[in-house]
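This report looks at charged pairs, a surface patch and the packing of two helices. Please keep the model in view while reading.

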Amino acid sequence: FPVTIQKSNGNGNGNGNLPASQQHVKTIADYIKAMTPEIAKALPSHLKPERLARIVTTEIRRNPKLLECTRESLLGALMLSAQLGLEPGPLGHVYYIPYNNKKTGISECQFILGYKGMIDLARRSGNIESIYAETVYENETFEVSYGLNQTIVHQPNLFSERGKAIAWYAIVTGK
């Protein structure tokens, strides 16, 4: 993941008119490695900085558009992951989404907290007895009642065509 870092030649345009000895190439992996001590300070005990660095590097390989994002936004997303102790990627805890900031015209990495990450954080809070999320499909029974005796009835259709997903819900009970 080469990102060329050039020292300014004083004219403010940073066009690289410097001798090769004054230019160097750093990869995003180099920046992540350099941040490892700060990542380690932010991480909860269940996650090691080397693991998070590997996972983020894998995410960048899976989505090369992340390399077009500003280094600050990508490393900022990494630090948010570290602070929350959540891994980006296919587990669904956290997503790094490249988007074009229309105000600046610059590609930035947006940190998106997934519902599984929210569940993990809720469980770690110690205030949750149980929590789960479900998908409702069009050929299933789903009823919601509000009022003094709130209820949800969801009868999954496990043995025939379920149809398209039409709704999602979560149930949380506190301690």
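With which residue does glutamate 38 form a salt bridge, and how far apart are the closest N and O atoms? The model is a predicted one, and in it glutamate 38 is paired with lysine 41, with 3.1 Å between the closest N and O atoms. Both residues belong to helix H1, which covers residues 28–42, and they are 3 residues apart, which is about one turn of the helix. Glutamate 38 is partly exposed at a relative accessible area of 43%, whereas lysine 41, at 63%, is exposed.

This pair can be set beside others, since a search of the whole structure finds 6 salt bridges. Side chains of opposite charge can pair when their charged atoms come close. The table lists some of the bridges, with the separation of the closest N and O atoms.

| Acidic residue | Basic residue | Closest N and O atoms |
|---|---|---|
| Glutamate 38 | Lysine 41 | 3.1 Å |
| Glutamate 72 | Arginine 71 | 3.6 Å |
| Glutamate 140 | Arginine 162 | 3.0 Å |

In the bridge between arginine 71 and glutamate 72, arginine 71 is partly exposed with a relative accessible area of 29%, while glutamate 72 is exposed with a value of 56%.

The bridge between glutamate 140 and arginine 162 links distant parts of the chain, 22 residues apart. Glutamate 140 is in the loop between strand S5 (128–137) and S6, and arginine 162 is in the loop between strand S7 (151–155) and strand S8 (165–174). Glutamate 140 counts as buried because its relative accessibility is 10%, under the 20% limit for that class, and arginine 162, at 30% relative accessibility, counts as partly exposed.

Strand S6 itself, spanning residues 141–145, contains phenylalanine 142, which is partly exposed with a relative accessible area of 31%. Phe142 joins Val144, Tyr146 and Ile152 in making a nonpolar surface patch of about 400 Å².

The remaining topic is the packing of two helices. The axes of helix H2, formed by residues 49–62, and helix H3, formed by residues 71–84, come within 11 Å and cross at roughly 135°. H2 and H3 are therefore oblique to each other, because an angle has to be over 145 degrees to count as roughly antiparallel, and 65 to 115 to count as roughly perpendicular. The crossing in which H2 passes H3 is right-handed.

Technical notes. Residues are numbered from 1 along each chain as its sequence is written. This is a predicted model: local features need pLDDT of at least 70, side-chain atom pairs count only at pLDDT 80 or more; totals for chains, interfaces and linings use all residues. Side-chain values use heavy atoms; hydrogens and water are left out. Patches are made of residues with over 30% relative accessible area and no salt bridge: like charges are joined within 9 Å, nonpolar side chains (Val, Leu, Ile, Met, Phe, Trp, Tyr) within 5 Å. Accessible areas come from the Shrake-Rupley method with a 1.4 Å probe; for residues, only the protein chains shown count as cover. A salt bridge is a side-chain nitrogen of Lys or Arg within 4 Å of a carboxyl oxygen of Asp or Glu. Helices (H or I, at least four residues) and strands (E, at least two) are DSSP runs, numbered from the N terminus. Buried means under 20% relative accessible area, exposed over 50%, partly exposed in between (1.4 Å probe, protein chains only). Axes are lines fitted to C-alpha atoms, for helices over the stretch in contact, and angles run from 0 to 180 degrees between N-to-C directions. Angles under 35 degrees count as roughly parallel, over 145 as roughly antiparallel, 65 to 115 as roughly perpendicular and the rest as oblique. A crossing is left-handed if the near helix is turned anticlockwise from the far one by less than a right angle, and right-handed if clockwise.
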